[in-house]
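Here's a quick tour of a few spots worth a look before you set anything up. Have the viewer open as you read.

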Amino acid sequence: MPLDIARWRAQKAGMTRISVVGAGPAGLIAAEALAQAGAAVTVFDRMPSVGRKFLMAGRGGLNLTHAEPLDTFLAQYRPQAPRLLDAVRAFPPAALVAWCEALGEPTFVGSSGRVFPRSLKASPLLRGWLGRLGALGVEIRTRHRWIGLDGTTARFATPEGETAQHADAVILALGGASWPRLGSDGGWASLLPDIPVTPFAPSNVGFALDWSERLRAQHAGAPLKRIAVSFAGRTVRGEAVLTATGIEGGAVYALSAPLREAIARDGAATFTLDLRPDLPMDQVRHRLGMRGRGETVSAMLRKALGLAPVAIALVQETRHASSRHRSGAPDDLATLVKALPLTTHAAQGLARAISSAGGIAWEALDDRFMLRAHPGVFACGEMLDWEAPTGGYLLQACFATGVAAARSVMSWLGAASEARMGP
């Protein structure tokens with residue numbers, strides 16, 4: 001064995017040993033913080049490679065965080081769990097930006113206030129991050145599926161058989177239940193039967209709508225740009241996409257929590273689309289009223305309001321599906337353009353959701369992110385019970401709770417060591 005490796009292993013043997021289960025953003029940032037504090041850290045993940053959901057997020061440009069004022073930022077989280085909010089305050093967006101730039105990935109703020117790496121990719125950032133972790137001595141073991149705990153000894157199933165890893169503390173960063181093909185399927189809940197877990201539900205997700213065959217055939221996949229979506233007194237501007245089975249996109253995702261709750265309560269939810277949010281109702285009526293009487297409805301909507309074909313098709317679909325006769329008169333059309341009603345009976349499933357609501361209930365954790373029923377075992381990231389819209393809030397909370405859990409581990413171990421030493 002080379003001398004430097006032998007010396008490193010000998011030094012590591014005398015260090016505080018921490019196991020981190022889960023190699024997503026929360027787990028990897030926890031490992032980094034622990035290694036920087038002098039601990040020997042081993043990260044375990046059941047997939048063949050790490051950061052798969054992180055890389056998937058990078059396909060949309062990797063929206064790391066948001067540049068809005070912190071109080072406005074924090075208001076986006078549900079529930080407003082004090083420990084979650086405190087974690088973000090302790091590792092705020094500015095800290096995440098500084099961390100990213102220290103890895104050689106400069107950032108920029110988009111027109112909506114969202115913060116991205118200039119490369120608009122996750123892969124360069126992940127490569128730099130893994131390089132830093134390697135330099136810190138963090139060991140990563142893939143194809144290790146967590147199957148349980150014996151105190152702070154974590155047990156894993158591997159291609160070579162079952163193995164156990166003893167550590168001074170364990171951080172669980174196993175993710176939520178969305179995008180299960182990327183590694184997080186929520187199955188860990190069955191391995192913690194004594195821990196209260198709020199049932200998982202899809203968040204930042206599209207909703208099912210019963211389109212006509214004609215609309216589905218002609219416009220599935222078409223974007224609805226510069227629209228506004230309204231539900232329960234809240235309006236969100238942005239974009240959406242028609243799918244073969246419904247509608248999805250950022251403006252819809254932002255309202256997914258109240259829509260999901262309304263469906264669970266009432267069996268259905270009706271939201272509205274404003275297809276020209278830049279024009280007030282009186283101007284829409286005026287423009288439509290000036291068109292010639294011989295024009296078709298589709299031509300009127302296109303020439304007077306500049307609606308895209310998919311938006312015109314939605315207006316026509318709603319006109320023809322309405323239980324009451326719609327005349328196509330300007331006032332009638334203006335109402336549909338400004339508040340086109342869509343009724344959904346179901347959200348798309350967790351497999352298509354960007355994130356999930358639910359997870360370990362906050363009362364199961366103490367103030368240090370440690371499981372009350374499992375001393376020395378901490379939890380962070382999406383496996384905790386919180387949700388937020390897209391826009392940088394998801395990754396920010398994953399990073400922040402990972403850092404908080406790591407800092408708490410070192411504090412807890414220090415207090416435990418002092419207690420053993422006595423006065």
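**Helix H7 and what follows**

Helix H7 (residues 123-135) has 13 residues, so at 1.5 Å a residue it should span 18 Å, and its end C-alpha atoms are indeed 18 Å apart. That expected span is 1.5 Å times one less than the number of residues. Bear in mind that this is a predicted model: local features need pLDDT of at least 70, side-chain atom pairs count only at pLDDT 80 or more, and totals for chains, interfaces and linings use all residues. Residues are numbered from 1 along each chain as its sequence is written, and side-chain values use heavy atoms, with hydrogens and water left out.

- Helices (H or I, at least four residues) and strands (E, at least two) are DSSP runs, numbered from the N terminus.
- Buried (under 20% relative accessible area, 1.4 Å probe, protein chains only) applies in H7 to Pro124, Leu125, Leu126, Trp129 and Leu133.
- Glycine 137, just after H7, has a positive phi of about 85°.

**The open sheet**

- Six strands line up as E12-E15-E14-E13-E16-E17, with antiparallel pairing; two strands pair if DSSP finds at least two bridges between them.
- E12 (207-208) and E17 (340-344) are the edge strands, each with a single partner, so one side of each has no neighbour in the sheet.
- E12 pairs with E15 (residues 246-248) over two bridges, and alanine 208 sits opposite glycine 246.

**Lysine 338**

- Lysine 338 belongs to helix H14 (residues 330-338) and counts as buried because its relative accessibility is 15%.
- Its side chain makes a polar contact with the side chain of aspartate 274 at 2.8 Å.

Note on methods. Buried means under 20% relative accessible area, exposed over 50%, partly exposed in between (1.4 Å probe, protein chains only). A polar contact is a pair of N or O atoms within 3.5 Å; within protein, one must be able to donate a hydrogen and the other to accept it, and residues adjacent in sequence count only if both atoms are side-chain atoms.
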